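Student: Could we go through this structure together? I would like to begin with the overall fold and then turn to individual residues.

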Amino acid sequence: MQIGVLGDTHGHVENCQNALRILRALQVEAILHCGDIGSVEIVPLFRGLAAHFVFGNVDDNEADLRAIIQTERHVCHERYGAIELAGRKIALLHSDDARLFRETIHNGQFDLVCYGHSHQAEQHRVKNTLVLNPGALYRAKKHTVALVDLITMKVTFIDV
């Protein structure tokens, strides 16, 4: 099973459309948005996809975002998500709460922790947990998303 991971769209529709076009072509089975959605215009772009969202520090319109996420039949995890896909336990958060982020990556409960906030694409391991930031689709020198194979846990960063 392959999933797409993205974040920090900050309401930038064109970059998000481009990213989703790529992820659709790769036939991902789910997409995780790591927060800083930025505007309600972003959410309908995910129509037809199995999408999971968390809020970030710039999502000051949480009530409106929550409503559109539910209307579009996606999953709103508020500020923190814990899901299971293809037998892998995955945490999803923005990481602006440093204490919660440290606790999540060090507690050993997750195979994969997806986060945003820094606008820097990176991956590293903390014991058996793969920690992944897909990069950002706005306010970054290079706009990137991540493709994750949940069987092999291989990550591919894709320029948008």
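**Fold, cores and selected residues**

Tutor: Along the sequence of this predicted model, the secondary structure runs β-α-β-β-α-β-β-β-α-β-β-β-β-β.

Student: How many helices and strands does the chain have?

Tutor: The chain has three helices and 11 strands.

Student: And what is the radius of gyration of the chain?

Tutor: The radius of gyration is 14 Å, which agrees with the value near 15 Å for a compact globule of 160 residues. Along the principal axes, the C-alpha atoms fill a box of roughly 40 × 35 × 30 Å.

Student: What percentage of the residues is buried?

Tutor: Buried residues account for 51% of the 160 residues. The exposed surface of the chain is about 7400 Å², and carbon and sulfur atoms supply 47% of that area.

Student: Of the contacts between residues at least 6 apart in sequence, what percentage joins residues at least 24 apart?

Tutor: The figure is 50%.

Student: Let us move inside. Which residues of the largest nonpolar core touch the most other members?

Tutor: They are L6, L20, I31, I37 and F46, in a core of 24 residues. At least two residues of this core come from each of α1 (13-25), β3, α2 and β10 (144-149). Helix α1 gives the most, with four residues. Apart from this core lies another one of 19 residues, including V5, L85, L92 and A146.

Student: Why would such residues gather at all?

Tutor: In soluble globular proteins, nonpolar side chains tend to be buried together.

Student: What is L20 in contact with?

Tutor: Setting aside neighbours within four places in sequence, L20 is in contact with L6, I31, L45, F46 and L49.

Student: Now to helix α2. Which of its residues are buried?

Tutor: Helix α2 spans residues 62-71, and its buried residues are L65, I68 and I69. These residues lie on the same side of α2, because they cover an arc of only 105° around the axis.

Student: Why do such spacings place residues on one side of a helix?

Tutor: An α-helix has 3.6 residues a turn, so residues three or four places apart point the same way.

Student: What do the buried residues of α2 pack against, and which residues are exposed on the other side?

Tutor: The buried residues of α2 pack against β3 (51-53) and β4 (75-76). On the other side of the helix, A63, Q70 and T71 are exposed. After α2 comes R73, with a positive phi near 65°.

Student: Is S39 buried or exposed?

Tutor: S39 counts as buried, because its relative accessibility is 13% and the cut-off for buried is under 20%. This residue is found in the loop between β2 (30-33) and β3. Not counting residues up to four places away in sequence, S39 touches G11, N61 and L65. Of these contacts, L65 is one of the buried residues of α2.

Student: Changing topic, where is D96?

Tutor: D96 is in the loop between β6 (88-93) and α3 (98-106). With a relative accessibility of 27%, D96 counts as partly exposed.

Student: Which residues does D96 touch?

Tutor: If residues up to four places away in sequence are not counted, D96 touches N57, R79 and H117. With R79 there is a polar contact between the two side chains, at 2.5 Å.

Student: And how far apart are D96 and T144?

Tutor: They are 48 residues apart in sequence, and their C-alpha atoms are 19 Å apart in space.

Key
Residues are numbered from 1 along each chain as its sequence is written. This is a predicted model: local features need pLDDT of at least 70, side-chain atom pairs count only at pLDDT 80 or more; totals for chains, interfaces and linings use all residues. Side-chain values use heavy atoms; hydrogens and water are left out. Buried means under 20% relative accessible area, exposed over 50%, partly exposed in between (1.4 Å probe, protein chains only). The arc is that of the directions from the helix axis to the C-beta atoms. Contact means heavy atoms within 4.5 Å. A polar contact is a pair of N or O atoms within 3.5 Å; within protein, one must be able to donate a hydrogen and the other to accept it, and residues adjacent in sequence count only if both atoms are side-chain atoms. A nonpolar core is a set of buried Ala, Val, Leu, Ile, Met, Phe, Trp, Tyr and Cys residues joined through side-chain atoms within 4.5 Å. The radius of gyration is taken over C-alpha atoms; the globule rule is 2.2 Å times the number of residues to the power 0.38. Accessible areas come from the Shrake-Rupley method with a 1.4 Å probe; for residues, only the protein chains shown count as cover.
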